[in-house]
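Visitor: I'd like to know what stands behind the labels people put on a model. Can we go through a few?

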Amino acid sequence: MDSTADHRFDPSRFEASRNRLASLAYRMLGSAADSEDTVQDAFLHWHTADRQRIKVPEAWLTKVVTNLCLDRLRSAQARRERAVGAWLPEPLLDGDPMLGPADTFEQRESVSLAVLTLMERLSPLERAVYVLREAFSHSHAEIAEILDITDSASQQHLHRARQRITAARRGAGEVDPASARRIVEEFLAAATSGRTERLVALLTDDATAISDGAGLTEKLLRYDTPQRIAAIARAGFKSTPAKQRLAGGISAVHYALVNGAPAILFVPDGKVVGAVTFDITGGKIATVRGIAAPARLFRLTEAWRQHGPDTPVIPQW
């Protein structure tokens with residue numbers, strides 16, 4: 001093989017960008033599995049490209065991945081799946097490289113489950129501009145080149161995206177980690193002991209809860225008053241033999257950080273079978289998300305198995 005062929009097919013340049021590309025795709029798609037597939041598709045494009053004609057590989061790869069994500073978001077299948085209200089972002093354990101970059105508040109917020117959910121309200125182009133600008137600090141000139149639009153169009157898409165997300169965003173700023181853990185552990189203690197009044201007191205007046213029904217329902221289950229959420233929490237967090245059988249055994253309940261937010265994980269024998277995440281604002285819980293569909297927990301389970309052992313909040317549930 002000649003030196004030109006060696007240059008064309010050497011994968012090392014691509015691998016150096018893989019994590020960044022995966023984190024870009026995850027923010028665009030909200031699915032780790034789809035992001036991995038997208039990055040693999042980008043590798044195939046890279047593999048067959050005449051790389052000697054690519055002046056800036058990182059920029060070229062960013063454009064390829066962004067446009068592959070746009071194709072997925074615009075597909076009939078994606079529109080059908082997301083239109084029926086059956087979609088939640090796939091949760092990732094903190095430390096997962098797919099969550100990077102995370103140096104600034106804006107970068108961390110862009111990968112929160114709250115913002116990933118709100119981005120469903122954006123058009124595919126608005127979503128792309130928002131991610132490229134907020135999470136990866138690309139200039140409008142660079143975004144215009146990536147998306148084949150004008151600088152002014154990029155600015156307009158960003159303005160609309162920020163307006164829509166800000167208008168719907170509940171709460172702002174980052175929560176003190178120790179306070180967040182205390183609130184979540186109090187919620188767990190109240191739910192498992194059946195203290196309805198304490199549960200209601202821990203929730204904001206406009207709190208909401210969302211569940212994927214373990215993937216057994218076509219649409220997400222939603223609860224929109226503190227009293228209803230408290231009732232569902234009491235029933236859901238009560239351990240029973242039937243729930244243990246469904247989970248595959250007795251679970252240990254762990255506190256964790258998922259997409260930067262406090263969460264509790266139900267883990268029988270090293271496998272995460274349920275994740276409950278919390279958005280906290282003003283010292284109270286504003287949103288509760290229950291995720292138990294196995295397909296949404298695969299990558300989180302893999303990361304958890306590599307996670308060092310810690311002391312569970314509840315050793316046997």
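Visitor: How do you know that the span of helix H10 agrees with its number of residues?

Guide: The expected span is 1.5 Å times one less than the number of residues. H10 (residues 151-168) has 18 residues, so it should span 26 Å, and its end C-alpha atoms are indeed 26 Å apart. Helices here are DSSP runs of H or I with at least four residues, strands are E runs of at least two, and both are numbered from the N terminus. Keep in mind that this is a predicted model, where local features need pLDDT of at least 70, side-chain atom pairs count only at pLDDT 80 or more, and totals for chains, interfaces and linings use all residues. Residues are numbered from 1 along each chain as its sequence is written, and side-chain values use heavy atoms, leaving out hydrogens and water.

Visitor: Which residues of H10 are called buried, and what puts them on the same side?

Guide: Ala153, Ser154, His157, Leu158, Ala161, Ile165 and Ala168 are buried (under 20% relative accessible area; exposed is over 50%, partly exposed in between, with a 1.4 Å probe and protein chains only). They cover an arc of only 135 degrees, taken from the directions from the helix axis to the C-beta atoms, so they sit on the same side of H10. On the other side, Thr166 and Ala167 are exposed.

Visitor: What covers the buried residues of H10?

Guide: The cover includes helices H7 (113-118), H8 (124-135) and H9 (140-147), with contact meaning heavy atoms within 4.5 Å.

Visitor: How does helix H4 do on span?

Guide: H4 (residues 57-74) has 18 residues and reaches 26 Å from first C-alpha to last, close to the 26 Å expected.
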